[in-house]
Amino acid sequence: MSQVSDHHKLRYEDYVLFPDDGLRHELLDGVHYMHASPIPYHQIASKRIQHQLYTAIELRELGLVFNAPIDVHLAEFDVVVPDFVVLLPANRIVTPTKIKGVPDLLIEILSPSTREFDRKLKRKRYQAAGVPEFWLVDPENHTVEQLVLTDGNYIVRDHDEVVRLAILDQVTVDFSKVW
């Protein structure tokens, strides 16, 4: 892919003009990407993860949990729509129309149409923006890659079916209840 000058990169102001067509639109480094809606198994996994996160975080007043679709204006040329966004109370980046800034945790559930996009491009942008924790959930292969930002790079944390949040070590997600 050729590099685009900052003058030609798309920004949030351009992003909000995209049509509401049922597709997921995102900007990564000013380049527009579109994806089809998630597959049904993706949605089942999403619902089960959301239940656990909501119960463990929001009901205990430890933070906020948002699920897709929600716009995250991560940086000048990056607008993403992750599957989940977790914000701790000190991270006051919610505006009336979007989340503007770097969330504490972003979770992407892989689908056939987004697998490589999430693993490569989004991971690179999330790391560059300084997202402290990022998960890649693969419902097809029943795996979770938990990436924790350490000295500017993502380090993969080992775990079994229970994943302990790096940003909230008292919170876990049991993936035996997701698959």
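This text walks through two helices and the nonpolar cores of a predicted model. In this model local features need pLDDT of at least 70, side-chain atom pairs count only at pLDDT 80 or more, and totals for chains, interfaces and linings use all residues. Residues are numbered from 1 along each chain as its sequence is written, and side-chain values use heavy atoms, with hydrogens and water left out.

Helix 2 (40-58) has 19 residues and reaches 26 Å from its first C-alpha to its last, close to the 27 Å expected at 1.5 Å a residue. Helices are DSSP runs of H or I with at least four residues, strands are E runs of at least two, and both are numbered from the N terminus. The expected span is 1.5 Å times one less than the number of residues.

The buried residues of helix 2 (under 20% relative accessible area, 1.4 Å probe, protein chains only) are H42, A45, S46, I49, Q52, L53, A56 and I57. They lie on the same side of helix 2 because they cover an arc of only 140° around the axis, taken from the directions from the helix axis to the C-beta atoms. The face turned away carries P40, K47 and H51, which are exposed (over 50%).

The largest nonpolar core has 24 residues. Such a core is a set of buried Ala, Val, Leu, Ile, Met, Phe, Trp, Tyr and Cys residues joined through side-chain atoms within 4.5 Å. Helix 2 gives the most to this core, with 5 residues. I49 touches F84, I109, V137, F175 and V178, leaving aside residues up to four places away in sequence; contact means heavy atoms within 4.5 Å.
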